[in-house]
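Here are a few notes to go with your first look at this one. Have the structure open while you read.

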Amino acid sequence: VNYYEDKKHSLILELNSETDFVARDNNFISLASSIAEKLLKNDPSQVQEDITNEISSVISKLGEKIQLRRFKKIAKNNFVYGYSHNNKISSIVEIKNNNDVLAKDICMQIVASNPLSLDEASLDSEVLKNEKEIYKKELEKLDKKEDIKRNILDGKIKKFINENTLLNQPFVKDPSSSLSKIIKDNEVISFVRYEVGEGIEKKTEDFAQEV
């Protein structure tokens with residue numbers, strides 16, 4: 001995964017190969033940059049065929065399946081900043097007012113802490129519901145009064161929200177503070193975080209079975 005930009009847009013993309021060996025190859029790295037350039041300069045639907053052909057050409061050279069898994073293109077209507085950590089995790093943040101230092105700190109926070117949403121209001125209700133069900137089952141085993149269990153449940157949910165929403169997470173540079181306090185008069189409009197292979201089920205090889 002990596003972050004790219006031109007004067008008008010920012011882009012984050014994930015390009016997959018089958019092995020680390022190919023992922024480190026210059027042809028693969030150049031392919032990612034070339035795809036990013038096409039996506040930045042054009043409407044993605046207009047360059048789909050070009051990108052497919054370019055990927056096929058590199059596949060024939062490297063002899064391994066390569067796939068453009070996903071990308072996100074953001075217009076620079078506000079201040080947009082991107083950060084990539086060893087091409088394994090990348091993030092983009094869009095904030096209201098120009099601030100390089102703050103934007104970089106937020107991007108590093110996103111990479112390190114993997115927030116599920118910006119704040120409590122934008123947190124997926126299904127995710128919250130599932131967490132509540134898990135905590136309820138845990139509390140059923142406790143021999144305590146219902147009002148105490150309810151307080152414990154509320155505390156656990158609050159902690160989950162604080163740990164998984166960007167504005168409420170402990171700030172990576174100063175865990176005694178939250179990002180909402182660091183931002184002050186600025187505002188986070190949106191953010192994106194890509195981690196290589198997240199959500200892809202890895203194929204497990206059973207060598208003993210093969211033998």
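1. A word on names before the loops come up: helices (H or I, at least four residues) and strands (E, at least two) are DSSP runs, counted from the N terminus. With that in hand, Asn114 sits in the loop between helix H4 (100–113) and H5. Keep in mind that this is a predicted model.

2. Asn114 is worth a click for its backbone. Most residues other than glycine have a negative phi. Asn114 is not a glycine, yet its phi is positive, about 45°. Its relative accessibility is 34%, so Asn114 counts as partly exposed.

3. Asn87 has a positive phi too, about 55°, and is not a glycine either. Look for Asn87 in the loop between strand S4 (79–85) and strand S5 (89–95). With 43% relative accessibility, Asn87 is classed as partly exposed.

4. Now helix H2, which covers residues 26–41. Its 16 residues reach 23 Å from the first C-alpha to the last, close to the 22 Å expected at 1.5 Å a residue. At the N-terminal end, Asp25 acts as the cap: one of its side-chain oxygens is 2.7 Å from the backbone nitrogen of Asn27.

5. Which residues of H2 are buried? They are Phe28, Leu31, Ala32, Ser34, Ile35, Ala36, Leu39 and Leu40. The elements covering them include three strands to click through, S1 (2–5), S2 (9–16) and S3 (67–75), along with helices H1 (20–23) and H3 (48–62).

6. Helix H6 (residues 146–164) has 19 residues, which should span 27 Å at 1.5 Å a residue, and its end C-alpha atoms are indeed 27 Å apart. Its buried residues are Lys149, Leu153, Ile157, Phe160, Ile161 and Asn164. Viewed down the axis of H6, these buried residues fall within an arc of 110°, so they line one face of the helix. The general pattern helps here: an α-helix has 3.6 residues a turn, so residues three or four places apart point the same way.

7. What do the buried residues of H6 pack against? Their partner is helix H5 (125–140). On the face turned away from the buried side, H6 carries the exposed residues Asn151, Lys158 and Lys159.

8. Finally, zoom in on Asn164, in helix H6. Is Asn164 buried or exposed? At 15% relative accessibility, Asn164 counts as buried, since the cut-off for that is under 20%. Its side chain reaches the backbone oxygen of Phe160 at 2.8 Å. Setting aside neighbours within four places in sequence, Asn164 is in contact with Pro115, Leu116, Ser117 and Gln169.

Notes
Residues numbered from 1 in each chain as written. Predicted model: local features only at pLDDT ≥ 70, side-chain atom pairs only at ≥ 80, totals over all residues. Heavy atoms only, no water. Expected span 1.5 Å × (residues − 1). Buried < 20%, exposed > 50% of the residue type's maximum accessible area, 1.4 Å probe, protein only. Contact = heavy atoms within 4.5 Å. Polar contact = N/O pair within 3.5 Å; in protein donor to acceptor, adjacent residues only side chain to side chain. Arc of directions from axis to C-beta.
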